Amino acid sequence: MFWLLPGALGILFCLGDPQQLEQPQQGAHPEGSDVSALDHVLDGDQTMPQEKGLFFGTSWRLNPNLCAYTSELFYESRLKSKEGLEIQTLKGETSFSGSGLFHVPVNHEGNQNSSPEEVEMIGQIVDDLTRAAVTWTDRKNNEHSLQRNNILIVAPYNAQVAALRKALPDMLIGTVDKFQGQEAPVVIYSMTSSSPDDAPRGMSFLYNPNRFNVATSRAQCISILVCSPQTDGAGMSFYRSDALGQWDVQIQGDG
């Protein structure tokens with residue numbers, strides 16, 4: 001987003017995306033004083049109104065299927081993919097061929113900031129994606145074999161990141177904060193907590209729209225949400241899209 005602020009010394013140009021993560025803040029601030037300049041101008045809007053500034057509404061990363069979901073939830077349906085990105089897809093013998101958001105439910109109970117069940121499932125997903133015959137196509141229409149370094153694995157908690165790194169030491173794994181600004185053909189997001197009551201930092205952290213936006217929109221082709229059925233709808237009032245109900249995936253073993 002782009003905003004012009006006239007002033008005594010000229011014009012101040014403000015650029016940013018308030019729908020992604022804010023800079024970490026330290027110290028206490030009076031109520032309202034910690035709001036960014038862009039948030040102040042937006043005054044509750046998700047995107048910049050025409051009369052206040054410019055909204056750059058083209059994604060140079062997201063396949064249109066991913067972009068439609070992201071646009072509806074976080075950008076008032078104003079974000080569109082750059083023409084030609086529809087060719088960014090996965091092909092081959094995988095449960096995740098094509099493009100878009102996929103949902104993999106995993107049953108577990110009592111998990112707070114780590115989930116061995118989701119770690120195990122993500123290992124199966126990685127194996128499924130990195131079979132020899134699976135490829136991805138980039139924005140220049142070049143086809144590549146999908147490798148393990150083409151996959152980002154994201155988790156909300158450091159404990160889950162540690163568990164994932166122990167199980168998958170050769171993978172790119174980190175918290176949402178680590179991967180802001182990065183991209184990959186495939187992103188896997190582990191929600192970790194078994195239920196809203198188990199979320200150790202509260203619902204406002206686990207279901208924070210900005211964090212969820214960053215986590216899922218790193219993907220060029222597909223984003224995979226791995227979570228307990230108890231968390232895939234509860235408290236997610238910002239899930240206005242029906243996308244999560246359209247791509248439930250059951251991973252099939254080789255046997």
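Two strands count as paired if DSSP finds at least two bridges between them. Keep that in mind as you move through this predicted model.

**The whole chain**

Start with everything shown. The protein chain holds 7 helices and 13 strands. Of its 255 residues, 49% count as buried. The chain exposes about 12600 Å², and carbon and sulfur atoms supply 48% of that area. Take the contacts between residues at least 6 apart in sequence: 69% of them join residues at least 24 apart.

**The open sheet**

Now select strands E7, E13, E12, E10 and E11. Together they form an open sheet of 5 strands, in the order E7-E13-E12-E10-E11, and the pairing is parallel. At the edges you will find E7 (100-105) and E11, each of which pairs on one side only. Turn the view along the sheet: neighbouring strands are rotated by 20 degrees against each other on average, direction ignored.

**Strand E10**

Next, select residues 151-155, which make up E10. How many of the residues of E10 are buried? The count is 5 of 5, so this strand is mostly covered, with buried meaning under 20% relative accessible area. Colour the two faces separately: Ile151, Ile153 and Ala155 sit on one side, Leu152 and Val154 sit on the other, and all are buried.

Stay on E10 and look at its partners. It runs parallel to E12, and 4 bridges join the two. It also runs parallel to E11 (residues 172-175), again through 4 bridges. Isoleucine 153 is a good residue to centre on. Its bridge partner in E12 is isoleucine 188, and its bridge partner in E11 is isoleucine 173.

From there, follow the chain from E10 through helix H4 (residues 158-167) to E11; this β-α-β crossover is right-handed. One more pair is worth picking out here: valine 154 has glycine 174 as its bridge partner in E11.

**Helix H4**

Add H4 to the selection. The helix lies across E10, E11 and E12. Relative to E11, H4 runs at about 170 degrees.

**Threonine 192**

Move on to threonine 192, in the loop between strand E12 (184-190) and helix H6 (203-206). Is this threonine buried or exposed? Threonine 192 is buried, with a relative accessible area of 0%. Its side chain reaches the backbone oxygen of serine 190 at 3.2 Å.

Now show what surrounds it. Leaving aside neighbours within four places in sequence, threonine 192 is in contact with His108, Asn111, Gln112, Asn113, Ser114, Ser115, Glu118, Ala155, Pro156, Tyr157 and Gln160. Ala155 in that list takes you back to E10, where it is one of the buried residues you coloured earlier.

**Leucine 129**

For the last stop, select leucine 129 in helix H3 (residues 116-129). This leucine is buried too, with a relative accessible area of 0%. Which residues does leucine 129 contact, leaving aside its neighbours within four places in sequence? They are Leu90, Thr94, Phe96, Val134, Leu146, Ile151, Val186, Ile188, Ile222 and Ile224. Two names will be familiar: Ile151 belongs to E10, and isoleucine 188 is the E12 bridge partner of isoleucine 153.

Finally, draw a distance between the C-alpha atoms of leucine 129 and lysine 91. They are 38 residues apart along the chain, and 9.8 Å separates the two atoms.

Note on methods: Residues are numbered from 1 along each chain as its sequence is written. This is a predicted model: local features need pLDDT of at least 70, side-chain atom pairs count only at pLDDT 80 or more; totals for chains, interfaces and linings use all residues. Side-chain values use heavy atoms; hydrogens and water are left out. Buried means under 20% relative accessible area, exposed over 50%, partly exposed in between (1.4 Å probe, protein chains only). A polar contact is a pair of N or O atoms within 3.5 Å; within protein, one must be able to donate a hydrogen and the other to accept it, and residues adjacent in sequence count only if both atoms are side-chain atoms. Contact means heavy atoms within 4.5 Å. A crossover is right-handed if, with the strands pointing away from the viewer, the path from the first strand over the helix to the second runs clockwise. Axes are lines fitted to C-alpha atoms, for helices over the stretch in contact, and angles run from 0 to 180 degrees between N-to-C directions. Accessible areas come from the Shrake-Rupley method with a 1.4 Å probe; for residues, only the protein chains shown count as cover.
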